[in-house]
Amino acid sequence: MEILRSVKELREFIASCNGEIGFVPTMGALHEGHLSLIKKCVSENCISIVSTFVNPTQFLPGEDFESYPKKEESDIKMCELSGVNAIFIPNGREMYFENEPKIKAPEKFANILEGKTRPGHFDGVLRVLTKLFNLVRPTRVYMGKKDAQQVLIVQNMVKTMFINTQIIPCEIVRESDGLALSSRNVYLNDEQKCHALRLSRSLMNASNLIKKGELNVSEIKACMLNTLEPLQVDYVAVVDREFNEISKIELGNAIILVAAYVGKTRLIDNLWV
Ligand code: AMP
């Protein structure tokens, strides 16, 4: 596996590639969730590339950019053992320039839910992904449904900016107790991990209600909020696959989302129904 630490090295590697390229963009501190994307990528493409870059422009002032977990050695090992062809670990200075065109995520998708609490976050995500897509020129890009709003916004960018790649949404990987894997779970102590289970449990309860035939969103939200008590909830929302808020679940076209704080850690989870 090639370890590429500069844009120049990445460009040279891409120039030497022959065949379809699969790409998994990440911020490193890889866990089983990332690994599921990586394995799918390796199995479906001739060449697989993973990037691990803690992208400063998608963090807001006061967020955890400085303290974001870093596990470079184990990231490299995990990628190598999974059959990845190259890992791109750029340094931040090389990725950004003083004068750049502004990239703005569309208001309709980016000013709600995650974007409402984290204004500018999706602008930063699109900015770094534009750069990475231009460098890697992947046939397929693997992204987790864990970040549902991100998947939709990136799909929208690829479609509307005629970027020649396909976004592949991948299933959420969870601990056996239901907790969605996240690099930020390392911030949680044992007691907080127990509290964090309320997020996945609220989604499970919503799913059970739906299985019983309850499609009314206000009933589903009320049940979820009950399960989430006493956590500080940022939002509970039910949207269609275009991220319009809905009042009645249409099976096969809905996403139930939750964001809540466990201590100072903000966690998100969702369920595609
Ligand atoms: P991150 O390193 O947090 O930026 O995540 C990189 C990619 O991994 C994103 O597409 C995430 O949606 C995806 N991802 C993170 N956690 C999970 C998970 N538990 N299951 C599936 N995909 C995930």
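A polar contact is a pair of N or O atoms within 3.5 Å. With that in mind, welcome to a few close-up views of this predicted model.

**View 1. H34 and the ligand.** An N or O atom in the side chain of H34 sits 2.9 Å from an oxygen atom of the ligand. This residue carries the "active site" annotation in an unreviewed UniProt entry. You will find H34 in helix α2, which runs over residues 32-44. Because its relative accessibility is 14%, H34 counts as buried. Setting aside neighbours within four places in sequence, H34 touches T26, G28, A29 and S183.

**View 2. Backbone atoms beside the ligand.** Here the side chains can be ignored for a moment, as the backbone takes the stage. A backbone N or O atom of G144 is 2.9 Å from an oxygen atom of the ligand. At V173, a backbone N or O atom lies 2.9 Å from a nitrogen atom of the ligand. On its own the ligand has 480 Å² of accessible area, and the protein covers 92% of that. Two or more residues of the surrounding shell come from each of β2 (21-26), α2 and β5 (140-144).

**View 3. The whole shell around the ligand.** In this view, 17 residues surround the ligand, and the closest are M27, G144, D147, V173 and L181. Helix α2 gives the largest share of the shell, with 3 residues. By character, the shell divides into 8 nonpolar, 6 polar and 3 charged residues.

**View 4. Q58 in its loop.** Q58 is covered by a "binding site" annotation in an unreviewed UniProt entry. The residue belongs to the loop between β3 (47-52) and α3 (72-82). With a relative accessibility of 10%, Q58 counts as buried, because the limit for buried is under 20%. The side chain of Q58 makes a polar contact of 3.0 Å with the side chain of N55. Beyond four places in sequence, the contacts of Q58 are M27, E63, R118, H121, G124, V125 and V128. Look out for M27 among them, as M27 is also one of the closest residues to the ligand.

**View 5. Q150 in helix α8.** Q150 has its place in helix α8, residues 148-160. It is buried, with a relative accessible area of 16%. When neighbours within four places in sequence are left out, Q150 is in contact with F122, V125 and M143. V125 may look familiar, since Q58 is in contact with V125 too. F109 is 41 residues from Q150 in sequence, while their C-alpha atoms are 9.2 Å apart in space.

**View 6. Two residues with positive phi.** A29 is not a glycine, yet its phi is positive, at about 50°. The loop between β2 and α2 holds A29, and its relative accessible area of 5% makes A29 buried. A29 is also one of the contacts of H34 from the opening view. L113 is likewise not a glycine and has a positive phi of about 45°. Its loop runs between α5 (107-110) and α6 (114-117), and L113 is buried, with a relative accessible area of 10%.

**View 7. A cis peptide bond at P230.** The peptide bond joining E229 and P230 is cis, with omega at about 0°. P230 lies in the loop that links α10 (217-228) and β7 (232-240).

Conventions:
Residues numbered from 1 in each chain as written. Predicted model: local features only at pLDDT ≥ 70, side-chain atom pairs only at ≥ 80, totals over all residues. Heavy atoms only, no water. UniProt positions renumbered as here; feature names shortened; annotations may be inferred. Helix = DSSP H or I, 4+ residues; strand = E, 2+ residues; numbered from the N terminus. Buried < 20%, exposed > 50% of the residue type's maximum accessible area, 1.4 Å probe, protein only. Contact = heavy atoms within 4.5 Å. Near = heavy atom within 4 Å. Polar contact = N/O pair within 3.5 Å; in protein donor to acceptor, adjacent residues only side chain to side chain. Areas by Shrake-Rupley, 256 points an atom, 1.4 Å probe, with all protein chains shown as cover. Nonpolar A, V, L, I, M, F, W, Y, C, P; charged D, E, K, R; others polar.
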